[in-house]
Amino acid sequence: KEKVEITKEQQALMKIITDAYNRHQIPQDVAKKLLQDQYSAEENFLLLTEMATSQVQVLVEFTKNIPGFLSLDREDQIALLKGSAVEAMFLRSAQVFSRKMPSGHTEVLEERIRKSGISEEFITPMFNFYKSIGELHMVQEEQALLTTVTILTPDRPYVKDQQAVERLQETMLDVLRKLCVLQHPQEPQYFARLLGRLTELRTLSHYHTEMLASWRMNDHKFTPLLCEIWDV
Ligand SMILES: O=C(NC1CCCCC1)[C@H](C1CCCCC1)n1c(-c2ccc(-n3cccn3)nc2)nc2cc(F)c(F)cc21
């Protein structure tokens with residue numbers, strides 16, 4: 001049985017990333033807001049654009065804390081942020097949905113999201129993803145590292161020095177792999193399952209432009225930042 005051990009440096013790296021991940025949270029809790037009231041499709045769309053805009057700002061702050069990120073080529077930093085913003089948003093949404101809530105709250109939240117204005121065809125893949133993330137019962141270190149691995153994806157459009165990004169991502173994958181073995185000793189395939197979710201996440205993120213366009217309302221308005229990030 002191979003002895004898996006997280007080194008001192010890896011421990012420090014994990015702490016930096018997890019602290020940054022927890023520090024850079026969405027200011028106001030969107031789940032609470034959705035549980036409090038039922039909104040129209042227009043109000044929900046506005047809420048989504050507000051939440052997504054502040055999430056991008058939070059994502060930028062978070063990436064500054066990823067050791068090595070700021071040493072990457074400046075334009076590559078932008079390419080990585082632009083390329084991962086939608087995935088990071090769906091990943092965060094999945095983590096919000098999977099949080100332990102008082103009984104019955106998750107069902108109400110699911111109902112509110114189903115009726116929010118998103119067109120039917122995207123609801124199933126979205127909730128399939130949310131539930132598959134929930135089933136993993138990730139600890140916060142795993143959540144933070146998984147988001148970091150998503151941001152450090154070398155094959156995003158316009159990345160010039162892919163090797164530099166690959167080296168950083170591999171450093172994070174090594175820590176995540178060890179953490180998975182230590183946190184889920186009964187499940188040797190856990191790390192592989194976790195990475196499999198990133199494939200599901202990329203597929204879901206391909207729908208996001210259509211999801212926006214098909215939101216049950218006319219005249220979709222976006223913030224300037226979202227126009228940059230969402231290609232709308
Ligand atoms: O605000 C949300 N997510 C934020 C974004 C930033 C980080 C935190 C969460 C939304 C929300 C806006 C109001 C209506 C109802 C949905 N949300 C979503 C969601 C739904 C659709 C999209 N689309 C992206 C492109 C097209 N659709 N994105 C996120 N899933 C959620 C899961 C929750 F538990 C949940 F609580 C909210 C969730």
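This report describes the ligand site and the cysteines of a predicted model.

## Where the ligand sits

The ligand occupies the largest pocket of the protein. Around the ligand there are 25 residues. The closest of these are Ser93, Val96, Phe97, Tyr130 and Met211. The protein covers 100% of the 720 Å² of accessible area that the ligand has on its own.

## Polar atoms close to the ligand

Two side chains place an N or O atom at a short listed distance from a ligand nitrogen. For tyrosine 130, the distance between such a side-chain atom and a nitrogen atom of the ligand is 2.7 Å. For serine 93, the corresponding distance to a nitrogen atom of the ligand is 3.4 Å.

## Helices around the ligand

Several helices contribute to the shell around the ligand. Helix 2 (30–36), helix 3 (41–63) and helix 4 (74–98) each supply at least two residues. At least two residues each also come from helix 5 (105–114), helix 6 (120–134) and helix 10 (208–213).

Helix 4 gives the most to this shell, with six residues.

## Cysteines

A disulfide is a covalent bond between the sulfur atoms of two cysteines. The structure holds zero disulfides.

Is cysteine 180 buried or exposed? Cysteine 180 has a relative accessible area of 2%. Buried means under 20% relative accessible area, so cysteine 180 is buried. Cysteine 227 has a relative accessibility of 32%. This value lies between the limits of 20% for buried and 50% for exposed, so cysteine 227 counts as partly exposed.

Methods
Residues numbered from 1 in each chain as written. Predicted model: local features only at pLDDT ≥ 70, side-chain atom pairs only at ≥ 80, totals over all residues. Heavy atoms only, no water. Disulfide = S-S within 2.5 Å. Buried < 20%, exposed > 50% of the residue type's maximum accessible area, 1.4 Å probe, protein only. Near = heavy atom within 4 Å. Polar contact = N/O pair within 3.5 Å; in protein donor to acceptor, adjacent residues only side chain to side chain. Areas by Shrake-Rupley, 256 points an atom, 1.4 Å probe, with all protein chains shown as cover. 1 Å grid on protein atoms, 1.4 Å probe; cavity = no way out; pocket = protein on both sides within 12 Å on 5 of 7 lines; lining within 4 Å. Sits in = over half its atoms within 2 Å of the grid points. Helix = DSSP H or I, 4+ residues; strand = E, 2+ residues; numbered from the N terminus.
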